[in-house]
Amino acid sequence: MRTRITELLGIEHPIFQAAMSWASSNAPLVIAVSNAGGLGVLGAGPMRPEDFARTLEQIQAGTKKPFGVNIPLNGARAAELLEIAFHKRIPVMVASQGGPREQMPRFRAIGTKWLHVVASVEHAKKAEAAGVDALVVDGAEAGGHPPPSQVGTLVLVRRIVRATKLPVVASGGVADGAGIAALLALGAEAVQLGTRFIATPEASVHDNYKRAVLAADVHDSCLVGPASLPVRQLRNAFTRKFDAAAPAEREALFNAASLKKAALEGDVEWGKVEAGQSAGLVDDILPAAEIMQRLIEELEQARRRLASL
Ligand SMILES: Cc1cc2nc3c(=O)[nH]c(=O)nc-3n(C[C@H](O)[C@H](O)[C@H](O)COP(=O)(O)O)c2cc1C
């Protein structure tokens with residue numbers, strides 16, 4: 001299947017493994033997805049610069065295919081991470097949080113394709129005006145940071161496909177090939193899956209986290225934190241305490257919990273177990289290459305089914 005995204009990036013299938021802090025902050029998941037013909041994306045946000053540099057070397061040794069790196073541009077270590085990514089000549093940048101104008105030109109000059117994560121029509125238009133190669137559009141179902149507006153993927157992707165000329169990678173709420181087909185039908189030219197890839201042996205989170213994703217149904221996630229930058233995570237003791245707390249106490253509670261606590265220590269009651277609504281569509285832990293294989297088959301089935309109606 002060819003789209004402007006597969007052509008732009010030189011990948012076989014219009015499928016991304018989404019950047020996920022901790023879960024995809026390691027080489028094996030990225031390598032497995034890229035070698036299977038999708039785009040593996042390293043979540044560099046929480047990484048120490050020396051770990052980031054070493055992991056990039058492992059990825060470059062493990063695959064000759066394109067891979068992506070996500071750097072939140074307003075993160076505390078962004079400058080150092082960008083410097084390393086530039087010197088390692090990464091093939092694809094998936095930038096989030098912050099504008100692309102300052103960094104994009106030098107990456108472009110070495111051949112890096114620059115994709116920008118957006119969650120509103122306004123930011124999509126700004127990124128297009130800045131000249132990015134493509135957009136990643138996150139809808140409200142997404143784990144991590146969905147749009148504060150809470151507009152769902154179905155509506156936001158369609159709106160942004162209509163509002164810009166750029167190729168769009170749709171993100172949020174997809175865990176199988178039927179979901180990929182649905183978003184391609186809306187005009188997206190690739191689809192990214194985060195939560196589905198948490199349930200893999202390669203994802204670098206604690207087994208308790210993976211089990212929590214398997215146990216969750218579609219209604220078991222919620223939004224927590226400031227309305228201007230909410231986090232979607234699975235409901236647990238922390239989110240219940242947050243919801244019950246007086247508004248003045250909420251900031252301290254929010255700051256005391258962390259994704260790291262859940263991801264590395266396995267504390268899925270008091271940590272931030274970031275995951276999307278699509279957790280309810282995930283029933284098994286499978287190697288990432290097998291997930292890719294299954295997604296491709298399901299996508300084909302969905303296309304045949306539609307054609308036969
Ligand atoms: C555990 C977790 C961590 C995430 N970390 C990041 C991140 O560091 N940077 C980013 O741009 N998006 C991050 N996201 C959002 C994903 O890139 C993606 O938009 C989302 O997972 C898509 O929704 P889905 O989980 O329903 O597939 C994260 C999502 C999850 C579930």
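**Notebook: ligand shell, barrel and hairpin**

I looked first at the ligand: 22 residues surround it, and A19, S21, D138, G194 and T195 come nearest. I counted a residue as near a molecule or strand if one of its heavy atoms lies within 4 Å of it. The model is predicted, and I note that local features need pLDDT of at least 70, that side-chain atom pairs count only at pLDDT 80 or more, and that totals for chains, interfaces and linings use all residues. Residues are numbered from 1 along each chain as its sequence is written, and side-chain values use heavy atoms, with hydrogens and water left out.

**Entry 1, ligand contacts.** I sorted the shell around the ligand into eight nonpolar, 12 polar and two charged residues. In this sorting Ala, Val, Leu, Ile, Met, Phe, Trp, Tyr, Cys and Pro are nonpolar, Asp, Glu, Lys and Arg are charged, and the others, Gly among them, are polar. I then looked up polar contacts, that is, pairs of N or O atoms within 3.5 Å. The side chain of T195 places an N or O atom 2.6 Å from an oxygen atom of the ligand. For N70, a polar side-chain atom is 2.8 Å from a nitrogen atom of the ligand. For Q192, a side-chain N or O atom is 3.5 Å from an oxygen atom of the ligand. The ligand taken alone exposes 600 Å², of which the protein buries 94%; these areas come from the Shrake-Rupley method with a 1.4 Å probe.

**Entry 2, barrel.** I traced eight strands that close into a barrel in the order β1-β2-β3-β4-β5-β6-β7-β8, with parallel pairing. From one strand to the next the twist averages 25°. Strands (E, at least two residues) and helices (H or I, at least four) are DSSP runs, numbered from the N terminus, and two strands pair if DSSP finds at least two bridges between them. Strand β7 (residues 168-171) runs parallel to β8 (residues 190-193), joined by three bridges. Within this pair, A170 has V191 of β8 as its bridge partner.

**Entry 3, helices on the sheet.** Helix α3 (residues 49-62) touches β2 (39-43) and β3 (68-72), and its direction makes about 165° with that of β2. Contact here means heavy atoms within 4.5 Å. Angles run from 0 to 180 degrees between N-to-C directions, with axes fitted to C-alpha atoms, for helices over the stretch in contact. Helix α6 (residues 121-130) lies across β5 (113-118) and β6 (134-138), at about 160° to β5.

**Entry 4, hairpin and phi.** I found β9 (residues 221-224) and β10 (residues 231-234) paired in the antiparallel sense over four bridges. L223 stands opposite R232 in β10. W22, not a glycine, has a positive phi of about 70°.

How values were computed:
Polar contact = N/O pair within 3.5 Å; in protein donor to acceptor, adjacent residues only side chain to side chain.
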